[in-house]
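Take a look at the model below. The tour goes from the whole chain to one helix, and then to a single residue.

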Amino acid sequence: MQRIAQVIKVRPEKLAEYRELHRAVPEPVLARLRASHIANYSIHLLGDRLFSYFEYHGDDLAADLAAMADDEATREWWKTTDPCQEPVPEAAPSDWWTPMERVFLME
């Protein structure tokens with residue numbers, strides 16, 4: 001199992017919309033996450049930063065993420081959520097959600 005932590009900014013004027021969208025994530029989007037071996041997925045907010053955490057239980061994260069990107073329901077979901085977000089200044093040019101370094105783990 002891999003633990004994945006990422007960060008992105010939420011646009012302040014879109015925060016209420018972002019919260020409302022996540023009160024009712026479409027079931028096909030959740031089903032695709034599960035089919036991509038993703039569990040214990042959560043998003044947290046501090047100021048204008050969103051922090052996400054999930055556990056990946058598959059064997060090929062890149063392939064499972066590609067399957068998500070190919071999923072029509074997920075693409076439609078991203079069309080509604082992406083305008084609420086912007087990469088953090090620390091993001092690489094190819095990042096949307098930016099990976100975070102784990103500095104501590106207690107199991």
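**From fold to core**

Of the 107 residues of the chain, 29% count as buried. The model is a predicted one. The chain exposes about 7100 Å², and carbon and sulfur atoms supply 55% of that area.

Next, the overall dimensions. The C-alpha trace spans about 40 × 35 × 25 Å along its principal axes. The radius of gyration is 14 Å. A compact globule of 107 residues would have a value near 13 Å, so the chain agrees with that expectation.

Now trace the chain. Its secondary structure comes to four helices and five strands. From the N terminus on, the order is β-α-α-β-β-α-α-β-β. Contacts reach far along the sequence. Among those with a separation of 6 or more, 71% join residues 24 or more positions apart.

Charges come next. The chain carries 12 positive and 19 negative charges. The mean positions of the two sets are 5 Å apart.

Turn to helix 3, which covers residues 61–70. Which of its residues are buried? They are Leu61, Asp64 and Met68. Seen down the helix axis, these buried residues fall within an arc of 70°, so they line one face of helix 3. Ala62 and Asp70 lie on the other side of the helix, and both are exposed.

What do the buried residues of helix 3 pack against? Their partners include two helices: helix 2 (27–35) and helix 4 (72–81). Strand 1 (2–10), strand 2 (38–46) and strand 3 (49–56) are also packed against these residues.

Strand 3 leads to the last stop, Phe54, which has its place in that strand. Is Phe54 buried or exposed? Its relative accessible area is 6%. The cut-off for a buried residue is under 20%. Phe54 is therefore buried.

Its surroundings can be listed. Leaving out residues up to four places away in sequence, Phe54 touches Gln2, Arg3, Ile4 and Gln6. With the same residues left out, Phe54 also touches Ile38, Ala39, Asn40 and Tyr41. Strand 1 spans 2–10 and strand 2 spans 38–46.

One distance completes the picture. Phe54 and Arg34 are 20 residues apart in sequence. In space, their C-alpha atoms are 11 Å apart.

Technical notes
Residues are numbered from 1 along each chain as its sequence is written. This is a predicted model: local features need pLDDT of at least 70, side-chain atom pairs count only at pLDDT 80 or more; totals for chains, interfaces and linings use all residues. Side-chain values use heavy atoms; hydrogens and water are left out. The radius of gyration is taken over C-alpha atoms; the globule rule is 2.2 Å times the number of residues to the power 0.38. Buried means under 20% relative accessible area, exposed over 50%, partly exposed in between (1.4 Å probe, protein chains only). Contact means heavy atoms within 4.5 Å. Accessible areas come from the Shrake-Rupley method with a 1.4 Å probe; for residues, only the protein chains shown count as cover. Lys and Arg count as positive and Asp and Glu as negative; His and the chain ends are not counted. The place of a charge is taken as NZ of Lys, CZ of Arg, CG of Asp or CD of Glu. The arc is that of the directions from the helix axis to the C-beta atoms.
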